[in-house]
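Biologist: I'm happier at the bench than in front of a model. Could you walk me through how to read one?

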Amino acid sequence: MKLADYLERTDTTLQALGERLGVSHTTVLRWATGQAVPRGRARMEALARATQGAVTAADFFPEAAPAPAGLAETQAPFAAEAEALGLDAAAIAARAVQEAIRAEKARRWLAENSEAIEAHNRWVEEHGLPLAEYRMF
């Protein structure tokens, strides 16, 4: 069950759940809206306990599409080693995907706006910085 659904169905406030978990209501709001995910196995387990198992890590990290042939076999040693070291591989993977999405959005924004950026840079080269005479540095 999604966290937002749990909060609505049980009439649990963000503040109440945050207090049970030792986090702010803002943190719970970011989790419920998908802007962030609980970090670490302990936090995820605490959330599952606080919601009587209604919200689990699987609700934040649904199973991905099947891996291309051969990929699962190459990742198995890393998954076992991560588990042995107490690392939350799902959370690490989710953060890596979030970072890749952020980087791709930034790259696309630059590509889409490169013409305007170049025009602005040309204007500054021709005319100088606006209000430059008032700058103290």
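Modeller: We'll go through a helix, a core, one residue in it and a pocket. Keep in mind that this is a predicted model.

Biologist: Let's start with helix 1. Which of its residues are buried?

Modeller: Leu3, Tyr6 and Leu7 are the buried residues of helix 1. They sit on the same side of the helix, because they cover an arc of only 95° around its axis.

Biologist: Why do residues three or four places apart point the same way in an α-helix?

Modeller: An α-helix has 3.6 residues a turn, so residues with that spacing end up pointing the same way. Now turn helix 1 around: the face away from its buried side carries Glu8 and Arg9, both exposed.

Biologist: And what covers the buried residues of helix 1?

Modeller: The cover includes helix 2 (14-21), helix 3, helix 4 (41-50) and helix 5. As for what comes after helix 1, it is followed by Asp11, which has a positive phi, near 55°.

Biologist: Next, the core. How many residues does the largest nonpolar core have?

Modeller: It has 19 residues, and Leu3, Leu17, Leu21, Trp31, Leu47, Phe60 and Phe61 are those with the most contacts inside it. Helix 1, helix 2, helix 3, helix 4 and helix 7 (89-127) each supply at least two of the core's residues. Helix 4 gives the most, with four residues.

Biologist: Can we zoom in on helix 4? Is Met44 buried or exposed?

Modeller: Met44 lies in helix 4. Its relative accessible area is 6%, so Met44 counts as buried, for which the cut-off is under 20%. Leaving aside neighbours within four places in sequence, Met44 is in contact with Pro38, Ala57, Phe60 and Phe61. You can also check a backbone distance: the C-alpha atoms of Met44 and Ala58 are 9.9 Å apart, with the two residues 14 apart along the chain.

Biologist: What does Phe60 touch, not counting residues up to four places away in sequence?

Modeller: Phe60 touches Leu3, Trp31, Val37, Pro38, Met44, Leu47 and Val55 on that count.

Biologist: Last one, pockets. What lines the second largest pocket?

Modeller: For a pocket, look at volume, then at the lining. This one has a volume of about 190 Å³. Its lining has 13 residues, with Lys2, Trp31, Gly34, Asp59 and Phe60 nearest the centre. By class, the lining has nine nonpolar, two polar and two charged residues. Helix 1 (3-10), helix 3 (25-33) and helix 5 (57-60) each supply at least two of them.

Conventions:
Residues are numbered from 1 along each chain as its sequence is written. This is a predicted model: local features need pLDDT of at least 70, side-chain atom pairs count only at pLDDT 80 or more; totals for chains, interfaces and linings use all residues. Side-chain values use heavy atoms; hydrogens and water are left out. On a 1 Å grid over the protein atoms alone, a cavity is a set of points where a 1.4 Å probe fits but cannot get out, and a pocket is an open set with protein on both sides within 12 Å along at least five of seven lines; lining residues have an atom within 4 Å of a point. Grid points are joined across faces, edges and corners, and a volume is the space filled by probe spheres set on the points. Ala, Val, Leu, Ile, Met, Phe, Trp, Tyr, Cys and Pro count as nonpolar, Asp, Glu, Lys and Arg as charged, and the others, Gly among them, as polar. Buried means under 20% relative accessible area, exposed over 50%, partly exposed in between (1.4 Å probe, protein chains only). The arc is that of the directions from the helix axis to the C-beta atoms. Contact means heavy atoms within 4.5 Å. A nonpolar core is a set of buried Ala, Val, Leu, Ile, Met, Phe, Trp, Tyr and Cys residues joined through side-chain atoms within 4.5 Å.
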